[in-house]
Amino acid sequence: MKIQKISHKTLAETAAGKLAASLLDGGLAQGSQLPPERELMNQLGISRATLREALKSLEENQLIESRPHVGWFARKIDETNITQAKELAGGDSGSQSRLAMNEPLTGPRRIPVAPEKPIHIPNLQKDRLGTFEFISWWEREKVQQAKVLVIGAGALGNEVIKNLALMGVGNIFIIDFDKIEAANLSRSVLFRESDNNRSKAEVVAARAKSINPEIHVQYLNADVTTGLGLGIIRRMDAIIGCLDNREARLAVNRFCYWMNKPWVDGAIQELLGLMRVFKPGEGACYECTLTEQALRDLSLRYSCQLLARQNVLLGKVPTTPTIASIIGGMQSQEALKLIHNMIVEPGKVVHFNGLTNVMHTTAYVPREDCESHWAYGEITELPARAERTSLQDLLRIARSDLGQQAVIELDQELVTSLECQSC
Ligand SMILES: [Zn+2]
Ligand SMILES: [Zn+2]
């Protein structure tokens, strides 16, 4: 028999430990204000005197700071205070210590073995996907017939495309407008030094094909906001966004909503990352997550000064190949689940903090007035191609089918002339 020693911690130490653990696992966001004393006393079940003692100890350990007349704020966890935080948290880290301010973490969900899945002994000498047969829910046909669009072939895109090719996803489509430069080589497994100045989309497409010659890979050298037809989105089973800016995410979000397709977003910076799945009509969409300020900034993006500044910063978000493979791996897995019609959690975000190795999930609140929430009705396909059909032709077809009053509404404005007033 093994008997655990009784802990001699005081109540205040225990309370400080719980708060430190909460700070480590993100239940208490860094930089955010702590709940009012009354609420903390209730949540922790302690008196005001004990709470003050606990807060004092957190302050002495550089974990929180007091702002006069405002209250207590959680400090950033970094190398200067993480040891103290972990020491205080002691055995109190993990889901048990979470305060009620966030929703609880959910544990892994066991997927039931599909009873209809026939027993098949793969030939591991000849069948590259053979070991996947041993996964209870894996369905070869679904994966081989799947169509997945990867938007962006940077650090995340490289990881995602590598994973999709390895998993044997049958049809991969890639879009990116960028060219390869030397600095990409530190975080992009599919690029080589000799690829300098080549198109990212073209190179990753070729490398995916060489990883797995059994799959189909197509690519497009274009900007997703202007160069991607909705017909491509419409034919996909899942879309994976490997983007580095809000404008592109917003465009992808709207395209996917209009075509009623799920998309998986990922974002990385230094050792931090997040991953989220959006499904039209199920929970919040990407636009729902944007603040009014962010939406205003987006409409400002088109001013010349801002564009110039952004070009300087473009692609300069500091990231590591390690966080790219963690988040890219999660995105690829979500896509695999979508292909299998498995349960995903749309409208929620998974945050991963590589400094503390803490992961937590939060649900976004859907917005009633969100402008992305709109979908096309029934779509009629025409035997016409965009490259050979002018707007005039299209209008002629529409009028002959629908009557002379028919008009064509465009999702994006067409520029017929351009003039700058300020520079
Ligand atoms: Zn929305
Ligand atoms: Zn200008």
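Trainee: What makes Cys 285, Cys 288, Cys 370 and His 373 donors of the zinc ion (ligand 1)?

Mentor: This is a predicted model. In it, Cys 285 (SG), Cys 288 (SG), Cys 370 (SG) and His 373 (NE2) lie 2.1 to 2.3 Å from the zinc ion. The cut-off for a donor is within 2.8 Å of the metal. So the four atoms count as donors.

Trainee: Why is the arrangement around the zinc ion called tetrahedral?

Mentor: Look at the angles. The four donor atoms subtend 97 to 123 degrees. Tetrahedral requires all angles to lie between 85 and 135 degrees. The arrangement is therefore tetrahedral.

Trainee: How are the donor residues spaced in sequence?

Mentor: The spacing is C-x2-C-x81-C-x2-H. Cys 285 and His 373 are 88 residues apart and link distant parts of the chain. Cys 285 is in the loop between β8 (272–278) and α11 (292–300). His 373 is in the loop between β10 (358–363) and α14 (391–402).

Trainee: Why is Cys 285 called buried, and why is His 373 called partly exposed?

Mentor: Cys 285 has a relative accessible area of 3%. Buried means under 20%, so Cys 285 is buried. His 373 has 29% relative accessibility. Partly exposed runs between 20% and 50%, so His 373 falls in that class.

Trainee: Cys 285 also lines the largest cavity. What makes that space a cavity?

Mentor: A 1.4 Å probe fits there but cannot get out. The volume is about 40 Å³. Two cavities of 30 Å³ or more are counted. The lining of the largest one includes Asn 253, Tyr 257, Trp 263, Phe 278 and Cys 285. α10 gives the most to this lining, with three residues. By class, seven lining residues are nonpolar, one is polar and two are charged.

Trainee: What makes the second largest pocket a pocket?

Mentor: A pocket is an open set of points, with protein on both sides within 12 Å along at least five of seven lines. The second largest pocket has a volume of about 2,200 Å³. Of its 47 lining residues, the closest to the centre are Leu 230, Gly 231, Leu 382, Ala 386 and Leu 394. α14 gives the largest share of the lining, six residues. The lining divides into 27 nonpolar, nine polar and eleven charged residues.

Trainee: How do you know that β1 and β2 pair?

Mentor: Count the bridges. Four join β1 (residues 64–67) to β2 (residues 71–74). At least two are needed, so the strands pair. They run antiparallel. Ser 66 has Trp 72 in β2 as its bridge partner. The two strands form a hairpin with three residues between them. In the turn, His 69 has a positive phi of about 65 degrees.

Trainee: Which strands join β6?

Mentor: β3 joins β6 through four bridges, and the two run parallel. Val 150 stands opposite Ile 240 in β6. β6 and β7 (residues 263–269) also pair in the parallel sense, over three bridges. There, Ile 239 has Trp 263 in β7 as its bridge partner.

Trainee: Which way do the residues of β6 point?

Mentor: Side chains in a regular strand alternate between the two faces of the sheet. In β6 (residues 238–241), Ala 238 and Ile 240 point one way. Ile 239 and Gly 241 point the other way. All four are buried.

Note on methods. Residues are numbered from 1 along each chain as its sequence is written. Chains are lettered from A and ligands numbered from 1 in the order in which they are written. This is a predicted model: local features need pLDDT of at least 70, side-chain atom pairs count only at pLDDT 80 or more; totals for chains, interfaces and linings use all residues. Side-chain values use heavy atoms; hydrogens and water are left out. Donors are N, O and S atoms within 2.8 Å of the metal (3.2 Å for Na, K and Ca); water is not among the atoms, so sites may look incomplete. Four donors count as tetrahedral if all angles lie between 85 and 135 degrees; four count as square planar and six as octahedral if opposite donors are over 155 degrees apart and all others between 65 and 115; anything else is irregular. Buried means under 20% relative accessible area, exposed over 50%, partly exposed in between (1.4 Å probe, protein chains only). On a 1 Å grid over the protein atoms alone, a cavity is a set of points where a 1.4 Å probe fits but cannot get out, and a pocket is an open set with protein on both sides within 12 Å along at least five of seven lines; lining residues have an atom within 4 Å of a point. Grid points are joined across faces, edges and corners, and a volume is the space filled by probe spheres set on the points. Ala, Val, Leu, Ile, Met, Phe, Trp, Tyr, Cys and Pro count as nonpolar, Asp, Glu, Lys and Arg as charged, and the others, Gly among them, as polar.
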